[in-house]
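Colleague: I am new to this structure and would like a close look at one part of it, the lining of the enclosed spaces inside. Could you take me through that part slowly, and then through whatever adjoins it in your account?

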Amino acid sequence: MTKRRVLIALGGNAILSKDASAQAQQEALRQTAKYLITFIKNGDELVISHGNGPQVGNLILQQANGSTSENPEMPLDTADAMTEGSIGYWLQNALGEELKKAGLNKSVVTLITQSEVSAEDEAFEHPTKPIGPFYTKSAAEQQQQEHPDYHFIEDAGRGYRRVVPSPRPIHITESEVVKKLVENGVIPISVGGGGIPVVRQGERLVGQEAVIDKDLASEKLAEQINADLLIILTAVDHVFINFNKPDQKALKRVTIAELQRYIAENQFAEGSMLPKIQAAVDFVKKSKNAKAIITTLENIGNFLENGEGTIITAA
């Protein structure tokens with residue numbers, strides 16, 4: 001079997017559901033780790049990324065509610081770093097435990113990662129990235145009154161969420177470190193939460209009040225480390241067109257050209273499925289003979305055995 005370099009992107013909502021306690025999130029990651037080591041057993045090189053939307057939103061709320069002039073809340077880029085570290089710590093330990101159980105001699109490391117963005121990115125003027133918990137309309141209005149600088153949108157029929165700027169990553173600053181780790185048999189956890197958004201000012205990297213979409217950052221990292229496969233995990237086994245309508249249709253094998261046509265038809269929700277599709281298309285376009293897969297964590301076994309999931313190819 002040919003060894004593949006696989007980057008698998010976990011969603012923040014796969015780590016945190018209704019219970020935001022550390023114990024519940026750690027338990028969710030223990031279950032996640034059982035699926036992830038399947039790739040190691042399969043002989044693949046594995047790189048892991050993850051979302052942090054719910055976690056960073058909750059952290060910002062906790063800080064805002066407890067902030068004082070003597071103990072002020074941290075800016076959003078620092079909260080990104082904090083959640084990148086905490087989720088990585090949980091996942092690193094969970095994977096280590098499962099690897100030992102399986103008798104696999106592999107090391108796992110969490111790498112705090114920065115994602116360079118352009119200061120001119122128009123996303124800074126148009127916040128779209130959902131973070132934090134879902135609210136009812138009345139609860140969102142209450143949050144808006146308490147935090148006038150926040151922005152809220154209705155998110156895919158599931159409730160209201162705060163949105164923040166989400167500039168596109170143009171370079172993952174630690175990609176060479178990730179590549180060296182993989183080449184030396186280490187499993188890196190990288191671009192957590194999309195990485196910390198930074199703008200280059202001369203020799204200095206300056207953090208920004210934003211959250212980068214983890215799928216777009218995962219694509220950029222996969223491209224820079226020459227991955228063979230980008231797997232983006234979401235809440236459904238397949239991508240659908242006409243989603244939640246009587247004529248909805250699952251996409252099982254789909255080309256870049258077909259997806260671009262569906263994007264033009266506004267088939268995919270902005271801030272939800274659309275970034276995943278864009279990331280998959282970008283990766284397949286820029287990476288020779290590579291594929292992208294969009295599916296659920298629970299469907300990983302079916303994908304490895306039967307190729308089940310939405311598989312995106314160049315043609």
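Modeller: In this predicted model, strand β5 gives the most to the lining of the largest cavity, with four residues. The elements that give two or more residues to that lining are β5, which covers 129–135, and helix α2. Written out, the lining of the largest cavity consists of Gly-57, Ile-60, Leu-61, Ile-131, Gly-132, Pro-133, Tyr-135, Gln-143, Tyr-150, Phe-152 and Arg-162. Sorted by class, these lining residues are seven nonpolar, three polar and one charged, and the space they surround has a volume of about 60 Å³.

A search of the whole structure finds two cavities of 30 Å³ or more, and the second largest has a volume of about 40 Å³. The second largest cavity is lined by Ile-40, Asp-44, Glu-45, Leu-46, Lys-106, Val-182, Gly-185, Val-186 and Ile-187. Here the elements that give two or more residues to the lining are the strands β2 (45–50) and β9 (186–189). The classes in the lining of this second largest cavity are five nonpolar, one polar and three charged residues.

To return to α2, one of the elements named for the largest cavity, this helix spans residues 53–66 and packs with helix α3, residues 76–101, at an angle of about 120°, their axes being 9 Å apart. Because angles of 65 to 115 degrees count as roughly perpendicular and those over 145 as roughly antiparallel, α2 is oblique to α3. The crossing in which α2 passes α3 is right-handed.

On the α2 side, the residues that meet α3 are Gln-55, Val-56, Leu-59, Ile-60 and Gln-63, while α3 brings Leu-76, Ala-79, Asp-80, Met-82, Thr-83 and Ile-87 to the contact. Divided by class, the residues of this contact of α2 with α3 are seven nonpolar, three polar and one charged. Ile-60 thus appears in two parts of this account, since it is listed among the residues lining the largest cavity and also among those of α2 that meet α3.

Two backbone details elsewhere may also help when you look through the loops. Asn-226, in the loop between α6 (214–224) and β12 (229–233), has a phi near 60°, a positive value in a residue other than glycine. Asn-242, placed in the loop between β13 (239–241) and β14 (249–251), likewise is not a glycine and has a positive phi, of about 55°.

Terms used. Residues are numbered from 1 along each chain as its sequence is written. This is a predicted model: local features need pLDDT of at least 70, side-chain atom pairs count only at pLDDT 80 or more; totals for chains, interfaces and linings use all residues. Side-chain values use heavy atoms; hydrogens and water are left out. Axes are lines fitted to C-alpha atoms, for helices over the stretch in contact, and angles run from 0 to 180 degrees between N-to-C directions. Angles under 35 degrees count as roughly parallel, over 145 as roughly antiparallel, 65 to 115 as roughly perpendicular and the rest as oblique. A crossing is left-handed if the near helix is turned anticlockwise from the far one by less than a right angle, and right-handed if clockwise. Contact means heavy atoms within 4.5 Å. Ala, Val, Leu, Ile, Met, Phe, Trp, Tyr, Cys and Pro count as nonpolar, Asp, Glu, Lys and Arg as charged, and the others, Gly among them, as polar. On a 1 Å grid over the protein atoms alone, a cavity is a set of points where a 1.4 Å probe fits but cannot get out, and a pocket is an open set with protein on both sides within 12 Å along at least five of seven lines; lining residues have an atom within 4 Å of a point. Grid points are joined across faces, edges and corners, and a volume is the space filled by probe spheres set on the points.
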